[in-house]
Amino acid sequence: MNTEAALAPVATPALNGMSDTAPVWTVLCVDDEPNILSAIRRAFRGTGYRVLVAEGGPQALELLATEPVHLVISDMRMPVMDGAQLLEQVRLKWPQITRMLLTGYADVSSTVAAINRGEIFRYITKPWNEEDLLRAAHEALERQALLHEKARLEREVARHNETLTRLNASLERQVAERTVQLSAANARLGKNYMGSIKLFSNLIELRGGPMAGHSRRVADMARRIAVQMQRPAAEVQDVFVSGLLHDIGHVGLSDGLLGTTVSGMTAEDKAFYVRHCVLGEQALLALEDMQAVVSNVRSHHERHDGRGFPEGLSGDAIPLGARILAVADTFDDLQSGHLTLAKLTAAEARLFVERGRGTQFEASVVDAFAEVTRAPAVPTPFVELSPQDLKPGMALARDLCSSDGMVLLTAGHVLSADLIRRVIAHTERHNLTTLIAVRTGFAAEPA
């Protein structure tokens, strides 16, 4: 058997844990007898190990302080400092160095002391077998290489974990920032959505006459009724939007027809007039997210008793939003003179609606309407300012209308710096002297 070839260390970076080149293991042999040291040197010849020698414990400690050593093989019986004492010092000062003991058969108690105090890897009895000595040294260094590799891998894992922790923190921060951005974007989309709806509503009111402000008033009343009925927030919002858009089909009717009261229309006029519900449905049909609104717009002239239009639906076949709109729309039409030449007061219009409970209108909707209109109106505290004195964040206390009665901005609208500049430009362009009512406290009404 070729002992040297069999016991030579494997030059693998994965094992040595020290460098990317072949490992050079350093062995320190300590004995007070020069011939023993020479014999150990000969035993390690050809193995590739770097061998250092020391003739006693003090000299070995001096060498260890200046030389990188991986394995210490010490004799037990030495003057000044025996093997147990030396290896204990090595363990305390250089715990990463592997320790082995050479001992005679008669040194059992000393060997036990060395094992306990020096925590040696193995002891070899004298006289030693050369093959056993080399194999023990090889196993000791291989074990040390594995420990080095384990420590390296643990450091690597720790670095990776630290990197992952930083990445996770960065990702969490980015997600949080992105969430804020998306929330802001959603808020802008919601604001733009309501702005577009109000724009469509204003287009209806461009026709002038009794229509000015009608859609906003109907939307506000419909929302208050829906809230009184404790409908879900999303449904309340749909009812409000439906109120703003319920008469969008009027854009397809002539000015002459719209200027005629419903009671004064001929049969032919009424045939055209009833089409505005279907025209409104057609105008909004392509908006996938507004199908509830579309149904409300189509059916807001249906009656609880089935005598309405365009389909003659009755009872629960009519969407609830449309049933609410029917009450709010009729209440405002009675006061504006759209239904009859004689304009009714709010009290008279309320009585008319209540008389239609269970016939023209659903009972529960009329009951909610009665509660809403019976409660005394709480005046909104406001102050009137010129456009130049407006500040961003102020909320309108009442609708801002043009000189011909068109609603430019609705009550509750919160003013931005850009919007204030446009209001100022509008008043200057048309040479208007306008005082604008804004709420004290700048509280905005939900839209």
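**Notebook: chain, sheet, helix α16 and aromatic pairs**

I counted 17 helices and nine strands in the protein chain. I note that the model is a predicted one.

**Entry 1, whole chain.** I looked up burial and found that 41% of the 447 residues are buried. For contacts with a separation of 6 or more, I found that 62% join residues 24 or more positions apart. I recorded an exposed area of about 23400 Å² for the protein chain, with carbon and sulfur atoms supplying 55% of it.

**Entry 2, the sheet.** I traced an open sheet of five strands in the order β2-β1-β3-β4-β5, with parallel pairing. Its edge strands are β2 (50-54) and β5 (122-125), each of which pairs on one side only. From one strand to the next I found a twist that averages 20°. Helix α3 (residues 34-44) packs on this sheet and touches β1 (26-30), β2, β3 and β4. I noted about 175° between the direction of α3 and that of β2. I then examined one pairing within the sheet: β3 (residues 71-75) and β4 (residues 98-103) run parallel and are joined by five bridges. In that pairing, I identified Arg99 of β4 as the bridge partner of Val72.

**Entry 3, helix α16.** I checked the length of α16 (residues 363-374): its twelve residues should span 16 Å at 1.5 Å a residue, and the end C-alpha atoms are 16 Å apart, so the two values agree. I listed the buried residues of α16 as Val365, Val366, Ala368, Phe369, Ala370, Val372 and Thr373. I looked up what covers these buried residues and found, among other cover, α8 (214-228), α14 (320-336) and α15 (346-355).

**Entry 4, aromatic pairs.** I found three aromatic pairs in the structure. One of them is formed by Phe44 and Tyr49, a tilted pair with 5.7 Å centre to centre and 55° between the planes. Phe44 counts as buried because its relative accessibility is 2%, and Tyr49 also counts as buried, at 8%.

I next examined Tyr273 and Phe309, whose ring centres are 6.4 Å apart and whose planes stand at 70°, so I entered the pair as edge-to-face. This pair links distant parts of the chain, with the two positions 36 residues apart: Tyr273 lies in helix α11 (residues 267-273), and Phe309 lies in the loop between α13 (291-299) and α14. I recorded Tyr273 as buried because its relative accessibility is 5%, whereas Phe309 is partly exposed, with a relative accessible area of 21%.

How values were computed. Residues numbered from 1 in each chain as written. Predicted model: local features only at pLDDT ≥ 70, side-chain atom pairs only at ≥ 80, totals over all residues. Heavy atoms only, no water. Helix = DSSP H or I, 4+ residues; strand = E, 2+ residues; numbered from the N terminus. Buried < 20%, exposed > 50% of the residue type's maximum accessible area, 1.4 Å probe, protein only. Contact = heavy atoms within 4.5 Å. Areas by Shrake-Rupley, 256 points an atom, 1.4 Å probe, with all protein chains shown as cover. Expected span 1.5 Å × (residues − 1). Pairing = 2+ DSSP bridges. Axes fitted to C-alpha atoms, helices over the stretch in contact; angles between N-to-C directions. Phe/Tyr/Trp six-rings, centres within 6.5 Å; stacked < 30°, edge-to-face > 60°.
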